[in-house]
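Subject: Structure for you to look over

Hi,

Here is the structure I promised to pass on. Please open it alongside this note; what I found in it follows below.

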Amino acid sequence: MKLVKEKHPVNYIRVPWTDRQTNRTWLRLAAQEDQDLVTRRRAFRWLSLAAAMLLLVFVFAWRAWKVPTQAPLAAKEVFVLAGASVRTTAKVESFLFSDGSKITLAAQSQLQVLRSDDTETRVTLGAGALKIERISSRNVPWNVQLTGLGPADVEMQASGAFSFRCAVNDSVKLEVFQGSVAVVEHATLRRTLVHAGQQWAPENELAAAIVPSATAIAPEKTSIGEPLATSVVTEASQAQALFKRADSAYVNGQLVEAAADFAKLMTKFPKDPRAPVAAYQLGRLRLASLGDAAGAVEAFTFVLRIDPNGVSSEAAEIGRIEATAQLKDSVGCEQYQQAYLSRFAASVNAPRVRRMCTGL
Amino acid sequence: LGLIAQNPVPLPERVSDIDIVLAAQSGDRRAQEQLFRRYARTAAGIAFRLIGQDIEIEDIVQESFATALATLRNLSAAEAFLAWFARIVTGKTIAVIRRRRLLTRLGFVRAKEADLEAIISKDAPAEIVIELRALYALIDALPTEERVVLVLRKVEQLSVDEIVDRTGWPLGTVKRRLTRARERLEECLEGPRGTGRESG
């Protein structure tokens with residue numbers, strides 16, 4: 001059977017569509033377009049925000065990833081951390097420190113990084129020469145100790161923005177290009193300030209008069225030269241040198257030597273302003289590292305006696321309680337605890353102190 | 001497509017299709033409305049004849065125009081608007097048929113029989129009435145694709161090439177589907193279960 005082609009079926013189908021439906025559908029369509037526009041705008045805003053956030057995250061991630069890897073790629077410069085020991089062979093090498101300073105180490109040089117943090121950068125140059133530059137004017141002190149010269153050890157201190165070169169081959173030599181550098185000769189404890197454009201080298205006669213630093217601090221044991229207490233070395237400078245040596249030993253991990261020097265300073269120069277700090281340091285060393293809690297109590301008590309209202313007094317009080325707690329001395333612990341709480345009841349440390357003697 | 005043009009919607013203004021399409025492409029809101037008013041009934045007709053019932057016709061018209069107006073800038077030849085728009089309407093209608101079939105199978109909607117008396121005009125010749133009754137009684141039993149090609153061929157009177165253009169399906173596929181659907185229709189018309197024969 002075939003359809004009649006001349007008569008189209010399409011013409012005989014009634015489409016149920018009215019003008020009212022046309023109007024209604026047009027209104028719905030217009031409303032839908034408006035709604036779509038609002039949705040699109042909202043989606044665009046969210047997408048923009050998400051894109052901005054992604055970009056921000058990407059930038060931070062890129063910077064975090066890029067900074068450490070950039071140093072070795074940009075030049076022969078790497079970051080050095082505390083404890084690093086660097087020895088150059090035939091070529092010059094550069095290193096960066098966390099404070100933004102840069103060291104250029106000459107060939108055949110030997111450098112030991114003792115400390116590199118927010119409070120101080122301290123290095124020891126055993127051989128060769130180095131140039132140090134720091135553009136930023138940060139007040140983190142820089143300390144270069146030139147060793148290998150026996151009693152003629154020299155320390156150079158600088159802060160802020162500076163640039164200087166020092167060598168420790170046959171003799172010590174310093175040349176300052178920017179800023180100023182304080183040179184401390186350990187043997188004589190002489191301190192010389194060298195400014196930009198100046199050079200410095202130890203005087204020949206000084207080298208002849210040098211005495212070992214250990215004997216310089218203990219004049220009664222000196223066998224050569226005049227007793228230091230009556231000549232160049234004053235009491236204050238002796239205490240200063242002793243403190244520096246103790247601190248240096250502490251930084252180097254020579255805790256027994258550090259404790260001995262702190263104890264010496266405490267007993268020989270109790271009126272020196274460094275004595276309370278030395279005594280406190282001694283107490284911490286004995287308590288935390290040397291297993292001498294009874295000695296720690298003595299040191300902390302000494303701090304409180306010579307400087308009862310000093311900056312270390314609260315810490316010394318706490319240290320004394322910790323030490324007696326370590327000794328299982330409940331009576332002493334509670335006695336020191338009461339003493340502490342009567343003075344520092346409102347301190348942030350008070351809650352911790354209240355728990356220290358429990359369970360003894 | 002020629003047949004669609006034979007049933008023109010009364011024009012709100014005597015402006016050519018090409019001018020309206022060009023103006024609508026440039027974003028003229030009044031031209032877009034004019035385009036809508038001119039072709040809303042055409043779109044409803046295409047959808048209604050494919051579905052066979054007055055179901056979701058307004059939605060199909062709205063969605064078809066929403067798509068058409070959003071993509072009108074992509075239309076390179078303004079004179080081909082009607083063919084292009086008919087493709088959009090057909091696609092939307094096929095999607096609706098498929099969705100309704102799925103929902104019916106899943107039991108979410110109830111199948112509705114076509115009201116043949118309402119569809120077919122009173123002044124239709126007897127042979128056309130028989131043909132249309134048989135066709136609309138059968139199409140719900142056909143797969144969607146066969147149903148579409150059958151309606152496009154038998155009702156819309158499109159050639160095979162025009163069906164290919166309208167649906168976007170390959171020529172061979174259209175021919176195969178059309179042959180199968182036509183066989184079923186002829187079986188329906190000649191067999192004892194033929195609705196058209198009973199009522200004709």
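**The sheet in chain A**

Three bridges join β2(A) to strand β5 (residues 110–116) of chain A, and the two run antiparallel. Within that pair, V86(A) stands opposite L111(A) in β5(A). Please keep in mind throughout that this is a predicted model.

β5(A) also pairs with strand β6 (residues 121–127) of chain A. That pairing is antiparallel too, over six bridges. Here Q112(A) faces T124(A), which sits in β6(A). The link from β5(A) to β6(A) is a hairpin of four residues.

Further along the chain, strand β8 (residues 142–146) of chain A meets strand β9 (residues 154–158) of chain A. Five bridges hold this pair, and the strands run antiparallel. N143(A) is placed opposite Q157(A) in β9(A).

How do the strands fit together? They belong to an open sheet of seven strands in chain A, in the order β2-β5-β6-β8-β9-β12-β13. The pairing across the sheet is mixed. Which strands stand at the edges? They are β2 (85–87) and β13 (190–195) of chain A. Each has a single partner strand, so one side of each is left without a neighbour in the sheet. On average, neighbouring strands of this sheet are turned by 20° against each other, direction ignored.

**A helix pair in chain A**

Next, helix α8 (residues 313–326) and helix α9 (residues 330–344), both of chain A. Their axes come within 8 Å and cross at roughly 160°. Angles over 145 degrees count as roughly antiparallel, and α8(A) and α9(A) are therefore roughly antiparallel to each other. The crossing of α8(A) and α9(A) is left-handed.

**Helix crossings in chain B**

Two crossings here share α4(B). Take helix α3 (residues 29–51) and helix α4 (residues 57–71) of chain B. The axes come within 9 Å and cross at roughly 130°. That angle makes α3(B) oblique to α4(B). The crossing of α3(B) and α4(B) is right-handed.

Then comes α4(B) against α5(B). Their axes come within 9 Å and cross at roughly 135°. α4(B) and α5(B) are therefore oblique to each other. α4(B) passes α5(B) in a right-handed crossing.

**The largest pocket**

This part may interest you for your own work. The largest pocket has a volume of about 470 Å³. How many residues line the largest pocket? The lining has 18 residues. Those nearest the centre of the pocket are Q53(B), A111(B), K112(B), D140(B) and R147(B).

The elements that give two or more residues to the lining are α5 (81–106) and α7 (126–138) of chain B. Which element gives the largest share of the lining? That is α5(B), with six residues. So far as the helices go, α5(B) is also the partner of α4(B) in the crossing at roughly 135°.

By residue class, the lining of the largest pocket divides into nine nonpolar, two polar and seven charged residues.

**In brief**

Chain A carries the open sheet of seven strands, with mixed pairing. Chain A also has the α8(A) and α9(A) pair, roughly antiparallel. In chain B, α4(B) crosses α3(B) and α5(B). The five residues nearest the centre of the largest pocket are in chain B as well.

Best wishes

Methods: Residues are numbered from 1 along each chain as its sequence is written. Chains are lettered from A and ligands numbered from 1 in the order in which they are written. This is a predicted model: local features need pLDDT of at least 70, side-chain atom pairs count only at pLDDT 80 or more; totals for chains, interfaces and linings use all residues. Side-chain values use heavy atoms; hydrogens and water are left out. Two strands pair if DSSP finds at least two bridges between them. Axes are lines fitted to C-alpha atoms, for helices over the stretch in contact, and angles run from 0 to 180 degrees between N-to-C directions. On a 1 Å grid over the protein atoms alone, a cavity is a set of points where a 1.4 Å probe fits but cannot get out, and a pocket is an open set with protein on both sides within 12 Å along at least five of seven lines; lining residues have an atom within 4 Å of a point. Grid points are joined across faces, edges and corners, and a volume is the space filled by probe spheres set on the points. Ala, Val, Leu, Ile, Met, Phe, Trp, Tyr, Cys and Pro count as nonpolar, Asp, Glu, Lys and Arg as charged, and the others, Gly among them, as polar. Angles under 35 degrees count as roughly parallel, over 145 as roughly antiparallel, 65 to 115 as roughly perpendicular and the rest as oblique. A crossing is left-handed if the near helix is turned anticlockwise from the far one by less than a right angle, and right-handed if clockwise.
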